[in-house]
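Here are my comments for a colleague who is meeting this structure for the first time. Please keep the sequence and the 3D view open while reading the points below.

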Amino acid sequence: MNEKTVKLLEFEEILKRVARCSMSKEAAEMILAEKPAINSDAVMEMRLNVSTVFERLKSGDEEKRSSFPAIGFLLSKLIVEGTSLETDEVYAIGLFVERGEELKKFLLPGFPHIPQSLPDCFSVAKEIFRVIDRYGALRDLPEFRAIKRHIQNLTAELESSVSRYTGNEETRRMLQSAVPSQRDGRMVLAVKANYRGRFRGIVHEVSSTGQTIFIEPEEVVEKNNDILIEEQRLSAEILRVLRELTGRIREKAGELARFHEGVLKLECLRAKARYSLEIRGHFAESGAELVLREARHPLLGSKAVPIDLEMDGDTRTVIITGPNTGGKTVALKTAGLFAMMNQAGLALPAAEGTVLPIFDGVYADIGDEQSLSQSLSTFSAHMTNIAATVSVATADSLILLDELGSGTDPEEGSALAMALLDCLIEKRSRLIVTTHHGVLKNYGYTRPSVENASMEFDGKTLSPTYRIVMGIPGESRALDIAVRNGLDPAIVARARSYLDEGRSDVSTLISALKEKHRELDSAAGKARIEELRLREERRNADLKELRLRQKEAEIKAGAAANLRGLLSESRRSLENLVREIREGELSREKTLRVKEFLSDLSRTVEAEDAALDEERRLLDAERRRIQAEMETEKDTEVSAPEKKGSPLPAFGPGLEVLAGENRRRGRLIRKDRKGWIVEIGSLKMSFSETELVPLPPDGKPSKPLISAADLASPPDVQFELSLRGMRLDEALEALRKQIDAAVLSGLREFAVIHGKGEGILQKGVHDYLKRDPAVSDYYFSRPEMGGFGRTEVILKN
């Protein structure tokens, strides 16, 4: 990335804000030194890692946020043979390892995209905290205990010796203070100068006034010497323990260095994810187009006005015109800063649907860089920057040019601007330009892959709205803004008179285009409302048809239950007759009773058949009525004669029908006793009219009825099916019912929440979706919607 552009777009300020989210000074320094990546794979990996941590932070799980001490310089010291670390240095390494393990434990489980190659250094921390306590002090080890006890005994003896001076009434009056003092680590007495000869011992110091002499009595000297020797022994023992501890840590120096590097990288990811969370950002999608949705400049805070900017894959240049102070420069900086943030793995303060390509460089010429020391005028400074940009620009570069062609003669500036645009367009660079030159507005209309845009201006309030209007150039509105900023109205009126004398029709054309754009927006809004209304009507029609199918299923189920009851009763009667015949001789009376039973059974079955046929006839009539209503509604929606459906034809030879429960397509041959002979392929079969569904004249079959088993208990359809907590077989059964219900209700898209865990449920769901013929496509949700724990399912039409 261009260093000058990085500073110009204030990307360094973004890095400072990210660094403040870090709990490690070393990680913060790494963040501040970071540059946006330009390699596509590196950008994708970084963004995936940050988004994964982002989702982890959003999960609400407890996160331990403890600061990391800096230990990089200690690792360099550690590798030098013979060196010994101090107590506080060893303590810092122990804290870093312990807190690094906590961070690793919080981030890594279930996140395959974060490197899990960090070595386990918990044994180092365990060894350190065996010697040092949680407050950074040496523990009371057995090696120290005997020496400390001896020092305590010697100290007690020393205090006893001194107390003979301070506790004696005769000698106490010779002392300036009854409390012993310390000089150079040795206990002394503060003796009045005029009693100096009464005390035999070593003089350590005389007060500035000469009134007090600090004397170490002879009998105290030896005891002070003994304490000093023991303290030296203790220091030597401490040094030995630290040297041995340093040696054990040195054995793990290589693993510790890798652990240190890996933990700092994880902390950088966490800082980026936390900053992304603070700005309520969304991660941009990757694509050939450049689309900003409700983009807010991250450094403007609550003052930022969301902007929308769209450049499809074929549009390589956008020329933005409009009033001064209208937001053109902010739009340029927002686009450039978003590109850098995206390639640093950060989320963007924008809405979902934001798409950004991966650029090999971002170059900007924004603002006035006039330099007296370098003899550069405004125009010269612009040309110097642009010349450097043109020399390195490629098809993967993003170039931002503010006020192109300004600072010199308007005619020559416009010509030069168009030549520069020609050159950069030939290179296929992605280019966003702001200008006030009217000639460039026409340039945008006459060149392929170039689109005009403008910053909207409210003519009533004479103030900008900061909204970008694509496809229409804007006016500078310099006179309106001058009035708003306090310029004398008489001067502005005279300026208008000068302007009217030479005004062309460009402003009128622009105004007409803006009005047409507003009309198109209004028409598009009405069309969306009408589309929603038609969808609702179609849904209601589908519900009517569904209720009809359910009614048919209920009738079939009821008829089947009646027949089962009849069969059961008839079986009992027949068994009684058979038993009577077996028990006695066959008589004429018994024969008549059997014949009467069979006749009654035949009449009952015929009656049930007749009732069922009548129900089917009524149901068929109702179905035809609803289908006719649906065709009428369809005719009303499309309002086109060729779309109108024909009424269902009457039964007759040659009619195309769907026959039987399986709805196999066939052709009527002739009527028979039961109903109609139907030719299905090479077979000819007999069906009643209730088992036949006529096809419309266009040959397209009506929607087939479904079986009673599927509709006996209408399933509930959900827009989001949660399988968490289920076993695999339970989850797959719930998924099957969801797909069936979605097909019946016309729902074409829904989501399945299966969680991440060990991946068993995720794999089972995907295997089932892969085999189900009703599924058109499925894929993981976006990271902000659940990522790998949620799958979007699309059914076939």
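1. The model is a predicted one, and its largest nonpolar core is a good place to begin. This core has 95 residues, of which Phe11, Ile14, Ile93, Met341 and Ile432 touch the most other members. Helix H11, which spans residues 253–278, supplies the largest share of the core, with 11 residues. There is also a second, separate core of 18 residues, and among its members are Tyr363, Leu404, Ala417 and Leu431.

2. Which residues does isoleucine 93 touch, once those up to four places away in sequence are left out? The contacts are with Ile71, Leu74, Leu85, Val124, Ile128 and Leu256. You may find it helpful to display isoleucine 93 together with these partners.

3. Serine 24 sits in a loop, with helix H2 (11–20) before it and helix H3 (25–32) after it. Is serine 24 buried or exposed? Its relative accessible area is 3%, and because buried means under 20%, serine 24 counts as buried. When residues up to four places away in sequence are not counted, serine 24 touches Phe68, Leu264 and Glu267.

4. One open sheet is built from 4 strands in the order E1-E2-E4-E3, and its pairing is antiparallel. Strand E1 (181–183) and strand E3 (201–206) are the edge strands, since each of them pairs on one side only. On average, and with direction ignored, neighbouring strands of this sheet are turned by 45° against each other.

5. Within that sheet, strands E1 and E2 form an antiparallel pair over 3 bridges, and serine 181 has valine 188 in E2 as its bridge partner. The hairpin made by E1 and E2 has 2 residues between the strands, and in this hairpin aspartate 184 takes a positive phi near 55°. Strand E2 is largely enclosed by the rest of the structure, because 6 of its 7 residues are buried.

6. On its other pairing, strand E2 (residues 186–192) is joined to strand E4 (residues 212–217) in the antiparallel sense over 4 bridges, with leucine 189 standing opposite isoleucine 215 in E4. Helix H8 (residues 142–166) packs on the sheet, where it touches E2 and E4, and the direction of helix H8 makes about 5° with that of E2. Helix H10 (residues 218–250) also packs on the sheet, touching E2, E3 and E4, while its direction makes about 70° with that of E4.

7. Strand E6 (residues 290–295) and strand E7 run antiparallel and are joined by 4 bridges, and valine 291 has glutamate 310 in E7 as its bridge partner. How do the side chains along strand E7 (residues 307–311) alternate, and which of them are buried? Ile307, Leu309 and Met311 point to one face and are buried, whereas Asp308 and Glu310 point to the other face and are not buried. In a regular strand, side chains alternate between the two faces of the sheet.

8. Another open sheet of 4 strands has the order E20-E21-E23-E22, and its pairing is mixed. Its edge strands, each pairing on one side only, are strand E20 (720–722) and strand E22 (775–780). From one strand to the next, the twist averages 25°.

9. In this sheet, strand E21 (residues 749–753) pairs with strand E23 (residues 790–795) in the antiparallel sense over 5 bridges, and phenylalanine 750 has valine 793 in E23 as its bridge partner. Helix H21 (residues 728–745) lies across E20, E21, E22 and E23 and runs at about 165° to E21. Helix H22 (residues 760–771) packs on the sheet by touching E21, E22 and E23, and its direction makes about 155° with that of E22.

10. Finally, please look at serine 449, which is found in the loop between helix H15 (438–446) and strand E13 (450–458). Although serine 449 and threonine 317 are 132 residues apart in sequence, their C-alpha atoms are 6.4 Å apart in space. Leaving aside neighbours within four places in sequence, serine 449 is in contact with Asp314, Thr315, Arg316, Thr317 and Ile425.

Terms used: Residues numbered from 1 in each chain as written. Predicted model: local features only at pLDDT ≥ 70, side-chain atom pairs only at ≥ 80, totals over all residues. Heavy atoms only, no water. Buried < 20%, exposed > 50% of the residue type's maximum accessible area, 1.4 Å probe, protein only. Contact = heavy atoms within 4.5 Å. Pairing = 2+ DSSP bridges. Axes fitted to C-alpha atoms, helices over the stretch in contact; angles between N-to-C directions. Core = buried A, V, L, I, M, F, W, Y, C linked by side-chain atoms within 4.5 Å.
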